[in-house]
Amino acid sequence: MKRTVIITGSAKGIGKTTAKNFALKGETVVLSDTDAENLDRAAQELRSLSEGRILSKVCDVRDKLQVKELAEFAHKETGQIDVWINNAGIVKDDLLLRMNEEKWDEVFDVNLKGAFFGTQIAAKYMIKREYGRIVNVGSVSGFYGNAGQANYSSAKAGLMALTKSSARELASRNVTVNCVASGFIDNGFAPNLPEEAKRSVLAMIPLKIGRNPEEAVSSAVHFLSSDEADWITGTTLRVDGGMMIGF
């Protein structure tokens, strides 16, 4: 039986790559994002590549009503919600002494509160069927606290805690909750990072040869969403080329 997979923040980047991974395996994929133009473009691209059903709906994860409407849309169209990927995220970097409340709140609202809304709403559908896979897309910044990212690092650390708490509560209903902590991906997500700083970060990664990092993260998300990972819950899997060995 083909599953229904909802992915937030899937108009581009890791979300889009993850959606493509599921689509190529014939799953029904529901894309969502605030970027309507790129969302439509991504949906059209995936429809041309996959025989699976590809749906899309604009959703701002900061708004609980919109997240609820996304779930209702997916359930009405497909009759089920099997996998929910909390991928939507933003950065609003600044040094601690210069960071204002707006930047702090906006990052927390998208990266942590949005995942809370998604987890809470998806779980209501999953526990009724006693089956579900929830995967949060985090960052190694949540482990080591990146300078200039007090808001982002704190939100991603909170996401790991949300993963563990949710996993404990939902385990009795055969719903797993896991997190993938992504390493550094030079995909324009941090456009203000100087080239010298990028080279310094890349030098910290032991594995120099491998797949595109976005594809590696996508594969990890797909694994934790699969039945092969049915006895894994509450864990955070680092996909970082060894960057955080020892943490």
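Let me start with one definition. A residue is buried when its relative accessible area is under 20%, exposed when that area is over 50%, and partly exposed in between. Keep those cut-offs in mind. And a reminder: this is a predicted model.

Salt bridges first. In general, side chains of opposite charge can pair when their charged atoms come close. The count here is twelve salt bridges. I will take three of the pairs one by one.

Start with Arg238 and Asp240. These two form a salt bridge, and their closest N and O atoms are 2.9 Å apart. Is Arg238 buried, exposed or partly exposed? Its relative accessibility is 28%, so Arg238 is partly exposed. Asp240 is at 8%, which falls under 20%, so Asp240 is buried. The pair therefore joins a partly exposed residue to a buried one. Elsewhere, salt bridges with shared partners link Asp60, Arg62 and Glu106 into one network.

Next pair: Glu45 and Lys16. Their side chains meet in a salt bridge, with 2.8 Å from N to O. What does this pair tie together? Look at where the partners sit. Glu45 belongs to helix α2, residues 36-49. Lys16 belongs to helix α1, residues 13-24. So the salt bridge ties together parts that are 29 residues apart in sequence. Both ends are partly exposed: Glu45 has a relative accessible area of 32%, and Lys16 comes in at 24%.

Third pair: Lys113 and Asp109. The salt bridge between them has its closest N and O atoms 3.6 Å apart. Here both partners lie in one helix, α4, residues 101-129. They are four residues apart, about one turn of the helix. Lys113 is partly exposed at 36%. Asp109 is partly exposed too, at 25%.

Now back to helix α1, the one that holds Lys16. How many residues does α1 have? Twelve, and the helix reaches 17 Å from its first C-alpha to its last. That is close to the 16 Å expected at 1.5 Å a residue. Which of its residues are buried? The list is Ile14, Gly15, Thr17, Thr18, Ala19, Asn21, Phe22 and Ala23. Lys16, as I said, is partly exposed. After α1 comes Gly26, with a positive phi near 85°.

On to the cavity. The structure has one cavity of 30 Å³ or more. The space in the largest cavity is about 50 Å³. What lines it? From the N-terminal end, Thr8, Val61, Asn86, Asn87 and Ala88 are among the lining residues. So are Val110, Asn111, Gly114 and Ala115. Val137, Lys156 and Leu159 line the cavity as well. Two elements give two or more residues to that lining: α4 and α6, the latter at 150-170. Which element gives the largest share? That is α4, with four residues. This is the helix that carries the Lys113 and Asp109 pair. By class, the lining has six nonpolar, five polar and one charged residues.

Now the loops. Arg98 sits in the loop between β4, at 83-86, and α4. Its relative accessibility is 57%, which is over 50%, so Arg98 counts as exposed. The side chain of Arg98 has a polar contact with the side chain of Asp94, at 3.2 Å. Where does Arg98 stand relative to Gly148? The two are 50 residues apart along the chain, with 9.5 Å between their C-alpha atoms.

Last, two residues with positive phi. Glu130 is one of them: its phi is about 55°, although it is not a glycine. Glu130 lies in the loop between α4 and β5, at 132-139. At 45%, Glu130 is partly exposed. Asn174 is the other one I picked. Its phi is near 60°, again positive in a residue other than glycine. Where does Asn174 sit? In the loop between α6 and β6, at 175-182. Asn174 has a relative accessibility of 35%, so it is partly exposed.

To wrap up, go back to α4. That helix holds the Lys113 and Asp109 salt bridge, gives four residues to the lining of the largest cavity, and has the loop with Glu130 between it and β5.

Terms used
Residues numbered from 1 in each chain as written. Predicted model: local features only at pLDDT ≥ 70, side-chain atom pairs only at ≥ 80, totals over all residues. Heavy atoms only, no water. Salt bridge = Lys/Arg side-chain N within 4 Å of Asp/Glu carboxyl O. Buried < 20%, exposed > 50% of the residue type's maximum accessible area, 1.4 Å probe, protein only. 1 Å grid on protein atoms, 1.4 Å probe; cavity = no way out; pocket = protein on both sides within 12 Å on 5 of 7 lines; lining within 4 Å. Points joined across faces, edges and corners; volume = space filled by probe spheres on them. Nonpolar A, V, L, I, M, F, W, Y, C, P; charged D, E, K, R; others polar. Expected span 1.5 Å × (residues − 1). Polar contact = N/O pair within 3.5 Å; in protein donor to acceptor, adjacent residues only side chain to side chain.
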